[in-house]
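Reader: Hi, I'm in my first year and still learning how to read these models. Could you take one part and walk me through it closely, with the terms explained as you go?

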Amino acid sequence: IMDKIPSKGSKSRRKGHNYERDIVKFFNKLGFKALTTRNASRLMDNAKIDIYGLPFNVQCKAVEARIEYHNLTKEITDQILKLCPDRSNFPIIIFHKRKKKTTVTMTLEEFEKLIAQSYGTTI
């Protein structure tokens with residue numbers, strides 16, 4: 001009986017995977033051809049990029065805890081430079097679901113990359 005009770009870790013993992021799929025659906029509704037990196041690219045998944053097929057790097061967090069966004073962005077940047085440097089010019093966007101509400105966060109530098117990518121301008 002004990003092996004049939006899901007652990008807290010497996011529940012958290014499932015919650016995270018479900019959230020990634022929800023974000024994929026969001027992007028697909030916008031016209032992108034997005035997939036979770038677990039289904040598309042192990043390398044990008046290892047670089048802490050959760051969604052594949054986008055012109056930006058997306059990290060999804062479905063946790064109630066507070067996130068240190070600057071530290072997380074630095075970790076993602078370091079992994080991208082190490083594992084898939086061709087994606088280093090793409091902005092990093094963090095989706096955070098907390099208490100059934102999603103926020104989208106990026107540093108000012110990442111926002112600048114997004115604007116430059118979208119409009120061909122720099123600040």
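Author: Let's start with the largest nonpolar core, which has 14 residues. A nonpolar core here is a set of buried Ala, Val, Leu, Ile, Met, Phe, Trp, Tyr and Cys residues joined through side-chain atoms within 4.5 Å. Buried means under 20% relative accessible area, exposed means over 50%, and partly exposed is in between (1.4 Å probe, protein chains only). Ile23, Phe27, Ile51, Leu54, Phe56, Val58 and Phe95 touch the most other members of the core. Helix 1, strand 3 and strand 4 each supply at least two of its residues, and helix 1 has the largest share, with four. Helices (H or I, at least four residues) and strands (E, at least two) are DSSP runs, numbered from the N terminus.

A quick word on the source: this is a predicted model, where local features need pLDDT of at least 70 and side-chain atom pairs count only at pLDDT 80 or more, while totals for chains, interfaces and linings use all residues. Residues are numbered from 1 along each chain as its sequence is written, and side-chain values use heavy atoms, with hydrogens and water left out.

Now follow Phe95 into strand 4 (residues 92-98), where five of the seven residues are buried. Strand 4 pairs with strand 3 (residues 57-61) in the parallel sense, over five bridges; to count as a pair, two strands need at least two bridges found by DSSP. Cys60 sits opposite Phe95 here. On its other pairing, strand 4 runs antiparallel to strand 5 (residues 101-105), again with five bridges, and Ile94 stands opposite Thr105. Two residues lie between the strands of that hairpin, and Lys99 takes a positive phi near 55°.

Cys60 also takes us to the largest pocket, since it is among the lining residues closest to the centre, along with Glu20, Asp50, Gln59 and Lys61. A pocket is an open set of points on a 1 Å grid over the protein atoms alone, where a 1.4 Å probe fits, with protein on both sides within 12 Å along at least five of seven lines; lining residues have an atom within 4 Å of a point. Helix 1 gives the most to this lining, with seven residues.

Finally, look at Asp22 in helix 1 (residues 8-29). Asp22 counts as partly exposed because its relative accessibility is 38%. Asp22 and Cys60 are 38 residues apart in sequence, but 10.0 Å apart in space, C-alpha to C-alpha.
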